[in-house]
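Biologist: Could you take me through one part of this model at close range, namely the strands and the core packed around them? I would like a connected picture rather than a list.

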Amino acid sequence: MKKNVAEFLEFRYEKLKLLKRSERGEVWLASIRQSGDLVIFKRVAATGLPYDVLRQSNFTLPAKVLYCAADESETVIVEEFIQGETLLARLERRNFLSEEEARAILLQMCDGLAELHAQNIIHRDIKPSNMILQGDKIRLIDFDAARIFKDGKEEDTNLLGTKGYAPPEQFGYGQTDQRSDIYSLGVTMKILLGSNCGERLKDILDKCTELDPKNRFQSVDELKAALLEVGEDGGVNDGVDGAGVLLGSKQILRQRLLVGLAANKLLQLLSDGHASHEPFGSGVTVVDGDAAQSQPLGHVALAAAYPSC
């Protein structure tokens with residue numbers, strides 16, 4: 001790395017703790033000297049990585065790239081520190097995902113990967129250790145094996161990825177494309193579900209992990225459509241909203257009651273020919289599990305009846 005770049009990095013960032021070192025580079029927990037904010041500082045012994053594209057875009061899944069620079073032998077990246085738990089850490093506790101959780105994560109991954117694939121970015125290393133749950137949002141880290149898809153190319157130049165998660169074409173049998181990420185995502189979710197995977201979701205994941213890319217879902221949009229169709233047909237997706245956010249059974253019951261009550265009260269108001277300044281009155285009894293409680297509806301009812309508001 002050029003001397004002026006090294007001096008800039010030393011001036012702006014302070015390395016706090018070495019997280020990982022290998023022949024491919026090193027990863028540090030660091031901080032911004034001026035603000036004290038935590039960041040991840042990485043040196044990768046590779047070039048041609050898509051970090052500059054990530055830096056210039058506002059993607060949903062990846063960590064925000066704050067700085068990147070490359071010379072003929074390595075790439076230096078400074079990116080957002082994501083506070084959360086990797087799915088590997090959860091797996092090591094044998095806390096397997098439920099179908100509801102898996103479906104929510106899959107829907108978010110489909111939307112996020114669609115953004116990346118639209119820019120021809122293939123991650124090529126989707127696995128539990130590279131997926132972080134940040135609250136109810138899933139994040140995808142480590143684009144060190146990622147590449148830009150080039151139409152017409154027969155195979156990848158660099159054969160990277162994690163055995164067991166990477167598809168056959170990633171090891172010299174062809175060029176990786178968006179179907180390669182679908183394969184790795186399918187393998188990952190099978191492992192994270194353990195024995196919690198029902199037959200219909202298993203069929204979807206089996207299609208994700210077909211050895212021949214032609215037999216997989218051809219895009220994450222196709223995968224998302226299949227997930228939503230299963231929800232509509234089987235009712236399994238009742239616990240997940242359209243954005244892939246988990247809803248507990250009590251939340252579902254409350255939402256359905258609110259929608260029904262809001263609609264009934266609206267019809268009553270219309271038939272009476274008047275409307276109250278306080279929407280739907282001051283309160284209504286809502287059943288929550290085994291308990292009943294009275295609470296004001298107001299805009300909560302409107303939001304439930306009209307989710308787009």
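**A close look at the strands and the core**

Modeller: Happily! Let's begin with one bridge: Phe41 has Val78 of β5 as its bridge partner. Please keep in mind that this is a predicted model. The bridge belongs to a pairing between strand β3 (residues 38–44) and β5, which is antiparallel and holds six bridges.

Val78 turns up again with β4, since the bridge partner of Tyr67 in β5 is also Val78. Here strand β4 (residues 65–70) and β5 pair through five bridges, again in the antiparallel sense. A hairpin of four residues takes the chain from β4 to β5. How many of the six residues of strand β5 are buried? Five of them are, so β5 (residues 75–80) is largely enclosed by the rest of the structure.

Now let's move on to another group of strands. β6, β8 and β9 form an open sheet of three strands in the order β6-β8-β9, with antiparallel pairing. Because β6 (85–86) and β9 (137–140) stand at the edges and have a single partner strand each, one side of each is left without a neighbour in the sheet. As a general point, the strands of a sheet pair through backbone hydrogen bonds, either parallel or antiparallel. Strand β8 (residues 131–134) is joined to β9 by four bridges, and the two run antiparallel. In one of the pairs, Leu133 has Ile138 of β9 as its bridge partner. Packed on this sheet is helix α4 (residues 99–118), which touches β8 and β9 and whose direction makes about 50° with that of β9.

That brings us to the core. The largest nonpolar core has 43 residues, and those touching the most other members are Met109, Leu113, Met131, Leu185 and Met189. Two or more residues come from each of α2 (51–56), β4, α3 (87–92), α4, β9, α5 (178–193), α6 (199–208) and α7 (220–234). Among these, α4 gives the most, with eight residues.

Met131 deserves a pause of its own. Setting aside neighbours within four places in sequence, Met131 is in contact with Glu85, Thr86, Leu87, Ile105, Met109, Ile126, Ile138, Arg139, Leu140, Leu185 and Thr188. Ile138, in that list, is also the bridge partner of Leu133.

Apart from the largest core lies another one, of 12 residues, including Val5, Leu9, Tyr13 and Tyr67. With Tyr67 we are back near our starting point, as Tyr67 is bridged to Val78 in β5.

How values were computed:
Residues numbered from 1 in each chain as written. Predicted model: local features only at pLDDT ≥ 70, side-chain atom pairs only at ≥ 80, totals over all residues. Heavy atoms only, no water. Pairing = 2+ DSSP bridges. Contact = heavy atoms within 4.5 Å. Axes fitted to C-alpha atoms, helices over the stretch in contact; angles between N-to-C directions. Buried < 20%, exposed > 50% of the residue type's maximum accessible area, 1.4 Å probe, protein only. Core = buried A, V, L, I, M, F, W, Y, C linked by side-chain atoms within 4.5 Å.
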